[in-house]
2 protein chains.
Amino acid sequence: MPQSSQLQTPRRTSGFRAGEARTIGPAVVIVGGGFGGLACARALAGAPVDVTLVDARDYHLFTPLLYQVATALLNPADIAYPFRAVLRRARNVRFHQGTVTAVDLDRRSLATASGRELAYDYLVLATGSVSDYFGNPKLEQATLGMKSLPQAQRLRNHVLACLEQAAQLPDAAARAEWLTFVVVGGGPTGVEFAGALGELKRLVGREYPEFSSEEMRIVVVEGTGRLLPTFPEKLGRYAERVLERRTVEVCTGVVTTDAGPEGASLSNGETIATRTVVWSAGVRARGVDGIESLATGRAQRLQIDERLRLGGREEVFVVGDLAEGLPMLSAPAKQQGRYAARSIVAAVDGKQRAQPFRYRDKGTMAVIGRNAAVADVFGLQLTGFVGWVAWLTVHLYYLVGFRNRAAVFFNWGWDYLRRDRPTRLITTVDPDPVVAALTGGR
Amino acid sequence: MPQSSQLQTPRRTSGFRAGEARTIGPAVVIVGGGFGGLACARALAGAPVDVTLVDARDYHLFTPLLYQVATALLNPADIAYPFRAVLRRARNVRFHQGTVTAVDLDRRSLATASGRELAYDYLVLATGSVSDYFGNPKLEQATLGMKSLPQAQRLRNHVLACLEQAAQLPDAAARAEWLTFVVVGGGPTGVEFAGALGELKRLVGREYPEFSSEEMRIVVVEGTGRLLPTFPEKLGRYAERVLERRTVEVCTGVVTTDAGPEGASLSNGETIATRTVVWSAGVRARGVDGIESLATGRAQRLQIDERLRLGGREEVFVVGDLAEGLPMLSAPAKQQGRYAARSIVAAVDGKQRAQPFRYRDKGTMAVIGRNAAVADVFGLQLTGFVGWVAWLTVHLYYLVGFRNRAAVFFNWGWDYLRRDRPTRLITTVDPDPVVAALTGGR
């Protein structure tokens with residue numbers, strides 16, 4: 001009876017493996033391969049543990065550049081890196097594509113959408129975040145998100161299709177709603193997308209003789225008093241000036257209350273007739289089925305102790321956007337992922353890790369467009385060309401893989417010299433049942 | 001009454017334009033922007049006619065390299081070129097994204113899926129071809145095509161998802177159906193895809209520790225007696241030897257009679273258990289709604305006279321795969337597109353074009369894989385490394401646009417040196433209603 005003999009093995013290994021069982025050490029399961037989960041997996045490479053990284057997608061996504069996929073500058077593959085390629089040399093780390101549908105903390109096991117069960121000795125939860133619509137399902141339905149590749153590609157398709165629709169309408173008044181783009185949320189994502197959309201105007205002027213590019217209207221709606229509310233005020237004001245100089249309208253102190261086919265309704269009573277409302281107003285943790293009851297923090301994040309552990313359990317860590325406390329950015333996620341890895345290695349060695357987790361703040365940056373970015377780093381507040389070069393350098397540096405760096409560098413150079421958007425294709429992908437079964441449709 | 005005044009204008013212009021009406025000359029509508037349609041549009045640039053190119057997609061697709069998108073080597077944008085970019089400098093040529101749903105030859109007008117009407121003085125039909133399933137809808141349902149970007153991306157997703165499924169199965173017998181890939185049709189597309197899939201084995205061996213890459217089985221099923229039946233026999237035999245040396249199984253003289261979830265049924269009584277049947281067995285003309293009754297040729301192609309005219313009408317031309325007579329390849333399509341353009345210019349000038357169309361055969365090529373291709377050009381039959389270099393050179397040369405050439409060259413170089421497949425992502429695109437309305441869901 002292989003089943004029962006498996007139950008009798010002294011150390012459980014995650015029993016879902018194809019081929020021979022691994023016997024390196026305790027089983028570590030990492031759920032989510034974003035910045036936190038991948039940093040943890042890489043830090044565990046070579047350690048005496050069997051690591052399984054579980055993700056619904058087969059690639060790590062460099063989300064800071066998603067808006068450049070949505071604005072037809074980069075290819076999806078330029079900012080996505082297959083997990084199996086990243087982890088190729090980490091012989092004790094394996095990848096399992098799937099969506100976790102249940103966590104049983106007492107039995108120490110997970111279930112996936114495809115019906116497989118994964119046992120663990122140590123669990124790292126790093127599922128990240130999704131868009132938050134503050135309880136309004138109508139907003140979710142009527143707006144376009146920018147948190148994943150499928151969403152970014154849809155946004156690209158949608159914007160380009162709106163331009164084509166406008167090109168077929170002889171009446172300027174009828175074109176207006178197709179050529180108006182509302183960006184909800186003036187944080188880094190909203191500012192970056194609106195800036196990039198503004199730069200698209202030049203291309204539109206060159207390639208759409210059917211209407212004037214001046215008819216394109218881009219509006220950023222921000223609920224607080226200024227853009228980039230998490231940045232120093234000086235930088236937020238600078239972003240506002242640059243965007244407005246580049247003909248992007250900035251509406252601050254205004255909340256988007258509703259959206260639908262007719263347009264976006266604002267808290268100041270105004271309604272903007274538009275076919276495009278982009279949602280970058282807020283994010284919340286991506287819940288983990290089975291432990292929702294523990295999600296008592298703000299934005300449905302999980303409360304953790306000073307050693308990133310969940311519910312007082314020694315073997316369950318939470319890192320990144322899912323963990324309450326730090327800003328939802330890549331830097332804290334990566335630091336937490338590496339900390340969780342060190343803690344697991346210490347525990348396997350029989351040592352208790354002494355120091356609680358401490359976040360080293362490296363600052364934040366946002367790009368507004370050509371030759372203009374803001375950076376709040378090392379106590380310096382950079383703007384303009386200097387900030388822009390700093391932004392480019394840091395983002396190229398943090399991209400995973402030489403090939404992606406080369407491809408992004410090539411596309412940026414091409415865009416800078418030619419003001420061209422090479423990936424402006426309206427492309428869909430035919431649905432496939434095997435893919436849906438693997439990812440649980442997510 | 002603007003309607004009636006428009007009817008009274010001496011020369012009809014295609015009346016669906018946004019912005020001001022054009023008054024350069026008679027309206028030419030080209031349906032389809034493949035090799036034939038685009039060649040025609042480019043040849044009409046600067047001529048005294050108003051040209052409208054209609055296509056359901058917003059890009060010209062370099063179909064000979066589609067199999068490289070399907071095998072995770074190239075980005076979709078590397079082989080697709082936006083029509084508006086190609087036609088940027090052609091001031092008398094405009095692009096109209098849409099699907100033609102009806103043609104009225106007597107009224108000289110077309111209707112599109114989005115409800116718009118296009119009037120023409122000259123019509124060029126260049127809708128190309130689609131996969132032919134020889135009247136078996138089950139084959140269409142159960143197999144994967146490779147005729148469009150959505151299909152190629154689905155095929156990429158599907159193959160990668162099959163590998164991930166296999167990686168989760170501990171039993172080699174259960175893995176077999178996921179790791180068996182059947183390619184129906186041994187023409188250039190089938191040979192190229194099977195060869196590229198065979199080269200994927202090395203990557204699989206490196207990145208999938210869960211199973212042996214030797215478990216991957218690739219079978220090409222060809223109904224005639226040998227591979228590449230349209231090529232000289234020597235080249236077909238060479239392709240067979242090279243594929244078999246690279247562990248691709250070649251089954252000739254065998255027809256695939258059925259396919260379903262259980263696998264592929266062959267005419268020799270064999271059934272291959274597989275989750276992947278790729279269809280490259282045949283193509284037929286893509287029908288044009290409203291004139292199906294004229295499609296009396298083989299593979300539903302339209303019969304034309306020696307001046308490429310349809311049904312004896314002076315103003316309707318058919319070019320490319322849709323026109324009966326020549327092989328369904330890019331070279332005849334391009335030559336016919338340019339011929340139709342010259343004929344239209346002559347007719348507008350009041351001259352009757354004297355010479356009937358004559359095809360200048362430049363030969364054919366197919367690549368089998370790394371350092372191996374076959375070419376039948378200028379009376380020479382090239383194979384091996386020489387054929388491969390010829391294939392690379394010709395395909396780089398014929399790609400549209402410097403950027404696409406540079407990107408493809410970069411990706412080929414990367415693949416050659418690193419044996420890497422940079423775009424091996426399982427990516428979908430969220431559906432968008434504006435895109436569906438524009439393309440008529442096609």
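These are my notebook entries on one strand of chain B, the contact between chains A and B, and the two domains of chain A in a predicted model.

**Entry 1: strand β1 of chain B**

I began with β1(B), residues 27-31, and looked up how far the strand is covered; five of its five residues are buried. I then sorted the residues by the way they point, and found B:Ala27, B:Val29 and B:Val31 on one side of β1(B), with B:Val28 and B:Ile30 pointing the other way. Both sets are buried.

**Entry 2: the neighbours of β1(B)**

Which strands are joined to β1(B) by bridges? I found five bridges to β2(B), residues 50-55, and the two strands run parallel. I noted one pair by name here, in which B:Ile30 has B:Leu53 of β2(B) as its bridge partner. Four bridges join β1(B) to β9(B), residues 122-125, and this pairing is parallel as well. For B:Val31 I recorded B:Leu125 as the bridge partner in β9(B). I also checked the connection that involves helix α2(B), residues 35-43, and found that β1(B), this helix and β2(B) make a β-α-β unit of right-handed form.

**Entry 3: where chain A touches chain B**

I turned next to the contact between the chains, in which 57 residues of chain A meet 58 residues of chain B. On the chain A side, the elements that each supply at least two residues are β4 (80-82), α4 (83-86), β5 (93-97), α6 (149-167), α8 (188-207), α12 (402-418) and α13 (433-439). Of these I marked α6(A), from which the largest share of that side comes, 13 residues. When I sorted the residues of this side of chain A by character, I had 26 nonpolar, 13 polar and 18 charged.

**Entry 4: the two domains of chain A**

I then looked up the domain assignment of chain A, which gives domain 1 as 2-131 + 284-348 and domain 2 as 137-281. The C-alpha centres of these two domains of chain A lie 35 Å apart. How many residues of domain 1 of chain A are in contact with domain 2 of chain A? I noted 13 residues of domain 1, which are in contact with 16 residues of domain 2. On the domain 1 side, α3(A), residues 66-70, and β10(A), residues 129-131, are the elements that give two or more residues, and α3(A) gives the most, with five residues. I closed the entry with the character of this side of domain 1, which divides into ten nonpolar residues, three polar and no charged.

Key. Residues are numbered from 1 along each chain as its sequence is written. Chains are lettered from A and ligands numbered from 1 in the order in which they are written. This is a predicted model: local features need pLDDT of at least 70, side-chain atom pairs count only at pLDDT 80 or more; totals for chains, interfaces and linings use all residues. A residue is buried if 20 or more other C-beta atoms lie within 10 Å of its own, exposed if 12 or fewer, and partly exposed in between; C-beta atoms are placed from the backbone. Two strands pair if DSSP finds at least two bridges between them. A crossover is right-handed if, with the strands pointing away from the viewer, the path from the first strand over the helix to the second runs clockwise. Two residues are in contact if their C-beta atoms, placed from the backbone, lie within 7 Å. Ala, Val, Leu, Ile, Met, Phe, Trp, Tyr, Cys and Pro count as nonpolar, Asp, Glu, Lys and Arg as charged, and the others, Gly among them, as polar. Domain bounds come from an automatic or database domain assignment.
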